[in-house]
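Me: I have a structure open and would like to talk through how its parts fit together. May I ask some short questions as I look at it?

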Amino acid sequence: MCATCGCSDDAGTKLTDLQTGETIDLAEHHTHPNDHHHEHEHEHEHEHDHAHKHGDGHHHHHEHGHGKVVSLEREVLARNNQMAERVRGWLAGRGILALNLVSSPGAGKTTLLERTIRDLGSEMEISVIEGDQQTLNDARRIQEAGCRVVQINTGTACHLDASMIARALQQLDPPSGSVVMVENVGNLVCPALFDLGERAKVVIASVTEGEDKPIKYPHMFRAGSLMILNKIDLLPYLRFDGERCLDYARQVNPRIEVLRLSAETGDGLESWYDWLRQQARRVRESSVLV
């Protein structure tokens with residue numbers, strides 16, 4: 001059970017490789033890119049025992065009520081962060097840029113990915129990890145755009161976590177120097193708390209959502225390195241104050257970069273592509289491969 005929101009972490013979570021058609025039950029595969037499967041299991045069991053067992057070998061709750069929930073949340077996030085650091089090290093050692101794309105449903109993550117893959121596919125190798133509670137719909141769209149993709153269906157869980165990404169990377173096996181895009185589950189709450197081992201969170205907001213999204217969901221915008229304001233082609237038809245939206249975002253996170261674009265028409269996309277090129281170059285230059 002996820003202490004941050006009450007959703008189920010592993011139950012019903014499956015990974016589907018669109019290229020091979022293989023489906024894997026992730027609840028039965030706790031692993032990461034270095035394949036230290038048994039080591040991770042041992043650590044998980046040790047942490048569980050340390051947190052819940054007394055000298056008599058029986059399980060007891062050390063805290064009750066709110067304190068117990070806070071303690072569980074800390075354990076969940078600490079375990080996730082440990083895995084995220086392993087993922088980050090694995091990616092860094094291969095010079096792979098990994099980005100975590102987050103947004104509310106319908107902001108345009110998949111459309112932006114499709115356009116990016118088609119426009120930059122000959123320039124940089126891109127692979128995608130798709131996150132949705134159900135269906136392969138978005139993964140099929142990404143595959144049709146010409147990209148290697150795996151789908152993680154989280155079942156009742158409302159976010160991806162680092163162990164899911166580790167298993168997905170093992171299946172994807174992205175080449176050194178490439179780019180991995182993670183399209184997280186559409187949700188502006190829990191994904192803000194879960195480090196996936198990515199270089200940066202890219203928060204995609206749409207002009208159709210209202211300009212107050214950054215102050216309604218401050219944790220997500222505070223965690224983001226880049227904010228993309230999408231669907232600017234619709235501005236003539238909406239009552240949307242773009243400057244106020246950007247002011248709100250900078251109130252929450254003064255360091256956040258902001259790009260305005262339309263994934264549908266292509267307006268402003270070159271600034272996104274330049275940002276991607278810059279990030280990929282920095283990762284390659286800092287890699288042990290250089």
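Me: Which residues in H3 meet which residues in H4?
Reply: This is a predicted model. In H3, the residues are Thr110, Thr111, Leu113, Glu114, Ile117 and Arg118, and they meet Asp138, Arg141, Ile142 and Glu144 in H4.

Me: What is that contact like by class?
Reply: The contact of H3 with H4 has five charged, three nonpolar and two polar residues.

Me: At what angle do the axes of H3 and H4 cross?
Reply: The axes cross at roughly 15 degrees and come within 9 Å. Angles under 35 degrees count as roughly parallel, so H3 and H4 are roughly parallel to each other.

Me: Is the crossing of H3 and H4 left-handed or right-handed?
Reply: The crossing of these two helices is right-handed.

Me: Now H9. At what angle do H3 and H9 pack?
Reply: H3 and H9 pack at about 70 degrees, and their axes are 11 Å apart. An angle of 65 to 115 degrees counts as roughly perpendicular, and therefore H3 and H9 are described as roughly perpendicular to each other.

Me: Which residues make that contact?
Reply: From H3 the contact uses Leu112, Arg115, Thr116, Asp119 and Leu120. From H9 it uses Leu269, Trp272, Tyr273, Leu276 and Arg277. By class, the contact of H3 with H9 has six nonpolar, one polar and three charged residues.

Me: Let us turn to the interior. Which residues of the largest nonpolar core touch the most other members?
Reply: They are Leu99, Ile126, Val128, Met181, Trp272 and Trp275, in a core of 34 residues. Several elements each supply at least two residues of this core, including strand S3 (97-102), helix H3 (109-120), strand S4 (126-132) and helix H9 (269-286). The largest share, seven residues, comes from H9.

Me: Why might such residues gather in one place?
Reply: In soluble globular proteins, nonpolar side chains tend to be buried together.

Me: What does Leu99 contact, leaving aside its neighbours within four places in sequence?
Reply: Leu99 is in contact with Val180, Met181, Val182, Glu198, Ala200, Trp272, Trp275 and Leu276. Apart from the largest core lies another core, of 24 residues, with Met83, Ile96, Leu160 and Ala162 among them.

Me: A new topic: where does Leu91 lie?
Reply: Leu91 lies in helix H2, which covers residues 65-93.

Me: Is Leu91 buried or exposed?
Reply: Leu91 has a relative accessible area of 4%. Buried means under 20%, so Leu91 is buried.

Me: Which residues does Leu91 touch, not counting those up to four places away in sequence?
Reply: Leu91 touches Ile96, Ala98, Leu169 and Gly197. In addition, Leu91 and Ser178 are 87 residues apart in sequence, and their C-alpha atoms are 9.7 Å apart in space.

Me: And Arg86, is that residue buried or exposed?
Reply: Arg86 is buried, with a relative accessible area of 16%. The place of Arg86 is also in helix H2. From C-alpha to C-alpha, Arg86 and Leu196 are 9.8 Å apart, while 110 residues separate them in sequence.

Me: Finally, the whole chain. How many helices and strands are there?
Reply: The secondary structure of the chain comes to nine helices and nine strands. Of the 290 residues, 50% count as buried. Among contacts with a separation of 6 or more, 72% join residues 24 or more positions apart.

Note on methods: Residues are numbered from 1 along each chain as its sequence is written. This is a predicted model: local features need pLDDT of at least 70, side-chain atom pairs count only at pLDDT 80 or more; totals for chains, interfaces and linings use all residues. Side-chain values use heavy atoms; hydrogens and water are left out. A nonpolar core is a set of buried Ala, Val, Leu, Ile, Met, Phe, Trp, Tyr and Cys residues joined through side-chain atoms within 4.5 Å. Buried means under 20% relative accessible area, exposed over 50%, partly exposed in between (1.4 Å probe, protein chains only). Helices (H or I, at least four residues) and strands (E, at least two) are DSSP runs, numbered from the N terminus. Contact means heavy atoms within 4.5 Å. Axes are lines fitted to C-alpha atoms, for helices over the stretch in contact, and angles run from 0 to 180 degrees between N-to-C directions. Angles under 35 degrees count as roughly parallel, over 145 as roughly antiparallel, 65 to 115 as roughly perpendicular and the rest as oblique. A crossing is left-handed if the near helix is turned anticlockwise from the far one by less than a right angle, and right-handed if clockwise. Ala, Val, Leu, Ile, Met, Phe, Trp, Tyr, Cys and Pro count as nonpolar, Asp, Glu, Lys and Arg as charged, and the others, Gly among them, as polar.
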